[in-house]
Amino acid sequence: MKPNGTMITTTNNTKLILLHPSIYKQGGSQRLWLLAFISFFTFAFLLTLLNTRDSYTTNTNAVIRTGITTTGGASALSSDQSANLPKALADTLLHYASKSNDTGKMTDSELKSISQVITSCQSPCNFLVFGLTHETLLWKALNFKGRTVFVDENEYYVANFEKNHPGIEAYDVSYTTKVSEMKQLLISTREQQKNECRPVQNLLFSECKLGINDLPNHIYDVSWDVILVDGPRGYYPTAPGRMSAVFTAGVLARSKRSSTRPTHVFVHDVNREVERVSSDEFLCRENLVESVDALRHFALGRMDSKSTQFCTTQNPTSQSS
């Protein structure tokens with residue numbers, strides 16, 4: 001027997017080796033430590049592998065979202081690293097792409113005149129538009145951080161437009177005027193200019209024939225920065241015409257409560273008599289900023305609540321009508 005507990009017996013040239021049980025007792029603790037060591041590193045390896053896979057998946061998704069492309073092993077960021085394109089802008093692009101041949105669109109010069117005023121607002125812009133037109137989504141997009149409200153004569157068109165474009169705020173209005181009645185309506189309004197048809201008033205309670213008083217109450221409390229009159233229809237005698245829209249725009253501009261800035265009022269299609277005469281009557285040549293193609297741009301300040309005259313000087317159309 002050897003000192004380590006191993007017994008060697010030789011019989012007929014055959015060696016029998018017997019291991020003493022003490023050997024297992026001596027190496028047992030070492031094997032446990034070795035097993036624990038191997039288990040620890042196995043667990044660490046698996047954990048690292050899982051983290052690496054998750055990191056790869058996350059980076060891959062990030063590449064897809066932000067537009068990073070890999071060429072020759074180097075990552076290149078796309079030029080646009082901002083968030084997703086605002087829905088209003090996306091709708092505008094789709095709208096113009098699908099209806100590029102629409103008739104009745106504004107000219108480039110007219111669009112530029114209005115857009116410059118909208119984008120120059122010193123604070124979020126309050127923009128009121130009479131008429132749902134080809135440019136509706138464009139106005140909503142340009143006034144991205146402001147409030148844009150549309151007013152149209154067709155309640156079914158309003159409902160359908162809001163359904164297709166949930167971000168649009170639009171209301172329908174029932175006009176009681178006709179293009180053929182313009183002269184009589186102007187005479188009636190002048191007669192009531194010191195009472196129901198005054199230039200400064202709350203139209204919600206007005207009985208003036210040209211005043212629009214059936215909009216939601218909160219519309220009359222807004223200090224509008226820009227107003228565009230591009231509706232309702234006015235190209236045939238029985239159409240509503242835009243006398244009411246122009247009159248209402250003039251009153252809203254002069255009746256602002258809190259703002260010291262003027263209200264910019266645009267009237268489209270002034271090549272037609274109703275739009276031209278109504279603009280002269282209720283927005284006044286003295287407030288005219290510019291004329292671009294068939295568009296007129298006026299800037300109207302607040303007026304004293306006791307005022308009874310829309311214009312400080314009499315317009316030529318007022319004298320002749």
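Just after helix α8, C284 takes a positive phi of about 80°. This is a predicted model, and C284 is a handy way into it: the residue is buried, because its relative accessibility is 0% and the cut-off for buried is under 20%. C284 also forms a disulfide with C311. From there the tour goes to α8 itself, to the charged network that E275 belongs to, and to the sheet that α8 packs on.

**The disulfides**

- How many disulfides does the structure hold? There are two, and with bonded cysteines counted along the chain they follow the pattern 1-2, 3-4.
- In the C284 and C311 pair, the sulfur atoms sit 1.8 Å apart, and the link is left-handed, with -85° about the S-S bond.
- C284 belongs to the loop between α8 and β10, while C311 belongs to the loop between β11 and α9 (316-320), so this disulfide ties together parts that are 27 residues apart in sequence.
- C311 counts as buried too, because its relative accessibility is 13%.
- The other bond joins C197 to C208, with an S to S distance of 2.1 Å. Its torsion is about 100°, so this one is right-handed.
- Both C197 and C208 lie in the loop between α6 (182-191) and β8, so the bond ties together parts that are 11 residues apart in sequence. C197 and C208 are both buried.

**Two more cysteines**

- Is C121 buried or partly exposed? C121 counts as partly exposed, because its relative accessibility comes to 22%.
- C125 is a buried one, because its relative accessibility is just 2%.

**Helix α8**

- Eight of the 10 residues of α8 are buried, so the rest of the structure largely encloses this helix.
- Among the buried residues of α8 are V274, V277 and F282, along with the charged E275, D280 and E281.
- α8 packs on the sheet, where it touches β9 and β11. The direction of α8 makes about 15° with that of β11.

**A buried charge network**

- By the distance rule used here, the model has 13 salt bridges.
- Which residues share partners in one network? Salt bridges link D230, R242, D269, R272 and E275 together.
- E275 bridges to R272, with the closest N and O atoms 2.7 Å apart. Both of these residues are buried.
- E275 also meets R242 in a salt bridge, at 3.5 Å from N to O. With E275 in helix α8 and R242 in the loop between β8 and α7, the pair ties together parts that are 33 residues apart in sequence.
- R242 has a second partner in D269, and here the N to O distance is 3.0 Å. This pair links distant parts of the chain, 27 residues apart: R242 is in the loop between β8 (226-229) and α7 (243-254), and D269 is in the loop between β9 (263-268) and α8 (273-282).
- Why do R242 and D269 count as buried? R242 does because its relative accessible area is 5%, and D269 does because its relative accessibility is 16%; the cut-off is under 20%.

**The sheet**

- Seven strands make an open sheet with mixed pairing, in the order β7-β6-β5-β8-β9-β11-β10.
- At the edges stand β7 (169-172) and β10 (288-292). Each has a single partner strand, so one side of each has no neighbour in the sheet.
- From one strand to the next, the twist averages 15°.
- At the β10 edge, four bridges join β10 to β11 (residues 295-300), and the two strands run antiparallel. One detail of that pairing is that E290 has H297 of β11 as its bridge partner.
- Helix α3 (residues 108-119) packs on the sheet as well, and touches β5 (126-130), β8, β9, β10 and β11. The direction of α3 makes about 165° with that of β9.

Terms used. Residues numbered from 1 in each chain as written. Predicted model: local features only at pLDDT ≥ 70, side-chain atom pairs only at ≥ 80, totals over all residues. Heavy atoms only, no water. Salt bridge = Lys/Arg side-chain N within 4 Å of Asp/Glu carboxyl O. Buried < 20%, exposed > 50% of the residue type's maximum accessible area, 1.4 Å probe, protein only. Pairing = 2+ DSSP bridges. Axes fitted to C-alpha atoms, helices over the stretch in contact; angles between N-to-C directions. Contact = heavy atoms within 4.5 Å. Disulfide = S-S within 2.5 Å.
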